[in-house]
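This report describes a single protein chain, with attention to helix packing, salt bridges and one residue setting. Please keep the sequence and the 3D view open while reading.

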Amino acid sequence: MTFDISLLKPNEVCINMKLLKLFRFFHLCDPKSKTIFNLNVYQLVCYIINFMVGSIVIYGLMGYVTEEKIVIIIANDIQIMFCCILYYLCLVKTITIFHKAKNIWSLLHVSSIHFLTSKQCQNHIGILYKYREKLIKITNYISVITIVVIIQWCLYPLLLILLQKEHANQSNKRFENIFNFRFPVTISYYNNNFVIFYIIELSIGLTLAYMHLVGDIFFISLCCVMIAQYEMIQIAYKNVNSELNYENSNKHKSYVNINDCYDDLVSIMKDQQKLFEKFKLFHSTFKLIIVSNVVVYSWSIIILIYSSTLILFTSSESIPMLTIIKLLTTFGTVIVLLLLLCYLLERINNIKESVHFGMYNCNWTSMNLRSKKMLLLSMQMNNANKLMIKITPRKIIDLQFFNSVIITCYNIISAMLNITSK
């Protein structure tokens, strides 16, 4: 089932529609967008931009194979490594989103306020409005923080040039840039044409920031919507047939409610199955992105904190403190994103399991045999649909996994610092 954006207003969906429209996300996946050679125009532009960025990254790494003698700064090399793994993750997100644009367009339907059509679920539609308010705040905060971080990275080299007391040419050093790529040019040529190389690295930073921001916002939005929809189903099962306790004195009303109970169970089960189909589509579409996010964010935490510590203990100048501030703010953003990813995936797994308890907590003792059989069928269907998002066949992505990542990162950083100090 497709999702017609033109028919929906921001108050009819659970996602931050205004923000996603601002970032032109829907244009990237809309099957009705203009095409050139059977390719979406916006996707084609993104492919060209990514190809150009990839070419620049490769060209920026060619300086490592030149014979020019320049001052090697480990902290700068680590920042280049950070940029490269971000570009890898950017490629994964871009290719996945474009290759599975139809799946993503279909997944947008789950964000509709009226996706669950059963009467019992619609009675608790306030849950969706509550989650939408939280989601809008979260996505806006993430957008602002990401924009602030990328502005820091972009302004840092300009500010550093103003604060430099010694000309870079006199110390056999290049001017500091955004990522400090080792372009295969001489130091004098690089410093004399710094503006050109700054614009080149600026294009890399803006492209990476845009693709990561759009991908993370949409992924977070889908996770929150899935949680809200499953919570509605859980409460719907829990409250089904609840009015029988108050109407046992009237046999006619009791008979009517028993039949309504069966119809309610059928409609809730249909909603649950419809939502599970979307969850399977979500799982198949974003599994590679989720695993890549976890791996890249984990490595980013190691790289950023190690680079900050290395600069702090090996430099006696005051200017590198600007670098530490830049790296630590990026570290804080990455660790928040990893924490949010693990938390949301854990919530999805838990809320899917809690649907089963919602079935047990309903007033099933007052149901007739037909309704009890339908409830049992719903339980069997829920047991069969235990699809969970895992990074390995046995390792579930949850907050415990986040703790293990942080502990592992701490151990790796400690070992690296010990080796460096010797």
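The sections below go from the whole chain to individual residues.

## Overall make-up

The structure is a predicted model. Its chain has 422 residues, and 51% of them are buried. The secondary structure consists of 13 helices and 2 strands.

Among contacts in the chain with a separation of 6 or more, 79% are between residues 24 or more positions apart.

## Packing of helix 3 against helix 4

Helix 3 covers residues 41–61 and helix 4 covers residues 74–99. The two pack with their axes 11 Å apart, at an angle of about 160 degrees. Because angles over 145 degrees count as roughly antiparallel, helix 3 is described as roughly antiparallel to helix 4. The crossing of helix 3 past helix 4 is left-handed.

On the helix 3 side, the contact is formed by Q43, C46, Y47, N50, V53, G54, V57 and L61. Helix 4 contributes I80, C84, Y87, C90, L91, T94 and F98. Sorted by class, this contact of helix 3 with helix 4 has 11 nonpolar and 4 polar residues, and no charged ones.

## Salt bridges between helices

The whole structure contains 5 salt bridges. One of the pairs is K93 with D216, whose side chains meet at 2.8 Å, N to O. K93 belongs to helix 4 and D216 to helix 9 (residues 194–239), so this pair ties together parts that are 123 residues apart in sequence. Are these two residues buried or exposed? K93 is buried, at a relative accessible area of 1%. D216 is also buried, at 9%.

A salt bridge is also found between the side chains of R347 and E231, at 3.8 Å, N to O. R347 is in helix 11 (residues 320–360), while E231 is in helix 9; the pair therefore ties together parts that are 116 residues apart in sequence. R347 has 24% relative accessibility and counts as partly exposed. Its partner E231 is buried, with a relative accessible area of 13%.

Helix 9 thus supplies a residue to each of these two bridges: D216 to the bridge with K93, and E231 to the bridge with R347.

## A salt bridge within helix 10

What separates K280 and E277 along their helix? They are 3 residues apart in helix 10 (residues 251–314), which means a separation of about one helical turn. Their side chains meet in a salt bridge at 3.6 Å, N to O.

K280 counts as partly exposed, with 34% relative accessibility. E277 is partly exposed as well, with 38%.

## The setting of S298

S298 is located in helix 10. This serine is buried, with a relative accessible area of 12%.

Which residues does S298 contact, leaving aside its neighbours within four places in sequence? They are L338, V405 and C409. L338 falls within the residue range of helix 11, 320–360. The C-alpha atoms of S298 and F402 are separated by 9.2 Å, although the two residues are 104 residues apart along the chain.

Technical notes:
Residues numbered from 1 in each chain as written. Predicted model: local features only at pLDDT ≥ 70, side-chain atom pairs only at ≥ 80, totals over all residues. Heavy atoms only, no water. Axes fitted to C-alpha atoms, helices over the stretch in contact; angles between N-to-C directions. Helix = DSSP H or I, 4+ residues; strand = E, 2+ residues; numbered from the N terminus. Parallel < 35°, antiparallel > 145°, perpendicular 65-115°, else oblique. Left-handed = near helix turned anticlockwise from the far one by under 90°. Contact = heavy atoms within 4.5 Å. Nonpolar A, V, L, I, M, F, W, Y, C, P; charged D, E, K, R; others polar. Salt bridge = Lys/Arg side-chain N within 4 Å of Asp/Glu carboxyl O. Buried < 20%, exposed > 50% of the residue type's maximum accessible area, 1.4 Å probe, protein only.
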